Every structure is written in structure tokens, then in C-alpha cells.
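Visitor: Before we look, I would like to ask how each label in a description of this kind is earned.
Guide: Then let us take the labels one at a time and set each against its criterion.

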Amino acid sequence: MFITILAAAAPKGDNPYGLEAALREGGIIAQSVFGILVLMLFVSLYILFTKLFEQQKIINQYKRVRGQFWTSNSLREGAAKLEKNSAYRQIVDDGIQAQDQYKELTDPIEAHDWLHGSLARSEASINSQLNGGLAFLATTGATAPFIGLFGTVVGIYRALIKIGSAGQASIDAVAGPVGEALIMTALGLVVAVPAVLAYNFLQRRNKAISENLNAFSNDVLGYLASDGRVRPKAGPAAKAAPAAAKPTTTAGQAGGVQTRA
């Protein structure tokens, strides 16, 4: 986009002060800086759109969970209603698996602690996948301006050497080469600003998704630790469910988890 704007603003014909001339005169350093910045821009845009798609998919899954999952008679029946690769189905499957594994343990351990640890690992795995790629956005936002500035410094240095060798110090001789070198700084800012905005936007959405996952995980923990007696209401009222899941330690100690088929 930035390249198109520069090309459109440039006068027709052979322009000695355009982007093409700057890259040609700047040599391998200017061309390398330009290539790195363009690559960072396209990768940042790719991460932004793929993460938006991934986040929206999980948000839609949460809506279906609130409306359908807790109307089921059991966790297995509810899990069958969810998509195969759903993040919420992963939590349910890991919870059921942890419940089955608890029966095989020979070393005494609280059922609540065992289930809570298993669900926490499942939740952390999902959050890790959601945060994948965001480090690149942060790195791009922090380093792109300096990469562009490096290209500018080298360009100005080469321009000053050229001007000194020619023995000319007029405005025409200085403004053109120096202006071309500043293009790299502008390009660095064009790459950095969208990367920072995308990083903050995706992080905010990830935080909201993480809160929903944590609430659902607590609901599943309460259901397992109470042998199905504690469950949230289906629909919008499900948000209040984590508070109901708190008194689950007693149920787990009473053996409700161990006796569940």
C-alpha cells in the first residue's frame, strides 16, 4: 500500500528522486532493508487475519456451548454436540480422561487437585496456541522503525559522500539524496504502527477468550467433582456458574468422582 502511494505520487517519466532511484542508488543495503520491511509487513498482516479467524471461531464455539452443552445429561453427551476440534471439547475430553485416570492412581491424591491440574494444563495449551505469532507482531512493532532508520542513516551517509566527491552543496544536490534516504524511515513506521495496533487488539481478544475458557473449565470441574450435581444453567445465566463451582472440594473428598461410571 505504501509503495503504491509513493508510485502514484511520483511524476511520470524518469524520476531521479523516487523509491526506485533510492533503492538503485542505495545499493545492497537499501535493497536489503526494503526487502526485510516488506516481508515483516506481509507476515504481520498474515498473522493478523489468521488470528482473527481463529479467535472468532472460538468465540462462536463459546456461544454454542452456553446454549447447548449444559442441557445434556452427561459430559460425554454434551461433548458429542461440540465440534471435533473445538477448544471447549478439548477441555471436556481432558476432564473426562483425568477422571478415568484418577481411578487408576495408586498414590493418594485429592480428586479435586488432580482434576484441577488436568483442566489447567488443557486450558494453558489452548491459550498457548492462541498467543502463537503475537511475539512476531511485538518484535516487528519494536524493531521496524530502527531497521528503517538504519537504512536512512546509511543512505544519508552515502549521499553525503557523493555530494562531497562532486563538490556541490546546493539545495538540489542535498535535498534529493537525503529525501530518498528518509523513505526508509517512513517505511519502517508504516510497518511498525499496524503491527503494534494488531498486537494490542489480538491480545485484548485473547484475554476475553481466556476468561471464557477459565469459566467453562471451572464449570466442568464442578460437574466432575460433584458427580454431576453441580452444573451451571444453560444460556446467558451460565456466567454465574463459576461461583456455584466453588464448593467442589467436599464432593471430591466424599468420593463422588471415584464412583462415577
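**How the labels are earned**

Guide: At the start of helix 4, a side-chain oxygen of Ser-86 comes to within 3.2 Å of the backbone nitrogen of Tyr-88. Please keep in mind throughout that this is a predicted model.

Visitor: What makes the approach of Ser-86 to Tyr-88 a polar contact?
Guide: A polar contact needs a pair of N or O atoms within 3.5 Å, and because the oxygen of Ser-86 and the nitrogen of Tyr-88 are within 3.2 Å, the pair satisfies that distance limit.

Visitor: What is the overall make-up of the protein, in helices and strands?
Guide: The protein has nine helices and zero strands, so that its elements, read from the N terminus, run α-α-α-α-α-α-α-α-α. Of its 261 residues, 40% are buried, and among the contacts with a separation of 6 or more, 77% join residues 24 or more positions apart.

Visitor: How do you know that the span of helix 4 is close to the expected one?
Guide: Helix 4, residues 87-102, has 16 residues and reaches 23 Å from its first C-alpha to its last, which is set against the 22 Å expected at 1.5 Å a residue. Helix 5 can be treated in that way too, since its 20 residues reach 29 Å and the expected value is 28 Å.

Visitor: Which residues of helix 4 are buried?
Guide: They are Ala-87, Tyr-88, Ile-91, Val-92, Gly-95, Ile-96, Ala-98, Gln-99 and Tyr-102. Arg-89, by contrast, has a relative accessible area of 23%, and because buried means under 20% and exposed over 50%, Arg-89 is called partly exposed.

Visitor: Why are Arg-89 and Asp-93 said to form a salt bridge?
Guide: The label requires a side-chain nitrogen of Lys or Arg within 4 Å of a carboxyl oxygen of Asp or Glu, and because the N to O distance between Arg-89 and Asp-93 is 3.6 Å, the pair qualifies. Both residues lie in helix 4, four residues apart, which is about one turn of the helix. Asp-93, at 34% relative accessibility, is partly exposed.

Visitor: How many salt bridges does the whole structure hold?
Guide: A search finds four, and among them is the pair of Arg-64 and Glu-83, whose N to O distance is 2.5 Å. This pair links distant parts of the chain, with Arg-64 in helix 2 and Glu-83 in the loop between helix 3 and helix 4, 19 residues apart. Arg-64 is partly exposed at 34% relative accessibility, and Glu-83 is partly exposed at 35%.

Visitor: What makes Asp-100 and Arg-76 a salt bridge?
Guide: Their closest N and O atoms are 3.3 Å apart, and because the limit is 4 Å, the pair is counted. Asp-100 lies in helix 4 and Arg-76 in helix 3, so the pair ties together parts that are 24 residues apart in sequence.

Visitor: Why is Glu-123 described as having no salt bridge?
Guide: The nearest side chain of opposite charge, Arg-121, is 11 Å away, and because a salt bridge needs the nitrogen and oxygen within 4 Å, none is assigned to Glu-123. Glu-123 is nevertheless buried, and it lies in helix 5, residues 111-130. Leaving out residues up to four places away in sequence, Glu-123 touches Ser-210, Leu-213, Asn-214 and Ser-217.

Visitor: Is Ser-210 called buried or partly exposed?
Guide: Ser-210 has a relative accessible area of 22%, and because buried means under 20%, Ser-210 is classed as partly exposed. Ser-210 is found in helix 7, residues 171-225, and, with residues up to four places away set aside, touches Glu-123 and Asn-127.

Visitor: What is in the largest nonpolar core?
Guide: This core has 25 residues, and those with the most contacts inside it are Phe-69, Leu-75, Tyr-88, Val-92, Phe-216 and Val-220. Helix 2, helix 3, helix 4, helix 5 and helix 7 each supply at least two of its residues, and helix 7 gives the most, with seven. A second, separate core of 12 residues includes Val-33, Phe-34, Met-184 and Val-191.

Key:
Residues are numbered from 1 along each chain as its sequence is written. This is a predicted model: local features need pLDDT of at least 70, side-chain atom pairs count only at pLDDT 80 or more; totals for chains, interfaces and linings use all residues. Side-chain values use heavy atoms; hydrogens and water are left out. The expected span of a helix is 1.5 Å times one less than its number of residues. Buried means under 20% relative accessible area, exposed over 50%, partly exposed in between (1.4 Å probe, protein chains only). A polar contact is a pair of N or O atoms within 3.5 Å; within protein, one must be able to donate a hydrogen and the other to accept it, and residues adjacent in sequence count only if both atoms are side-chain atoms. Contact means heavy atoms within 4.5 Å. Lys and Arg count as positive and Asp and Glu as negative; His and the chain ends are not counted. A nonpolar core is a set of buried Ala, Val, Leu, Ile, Met, Phe, Trp, Tyr and Cys residues joined through side-chain atoms within 4.5 Å.
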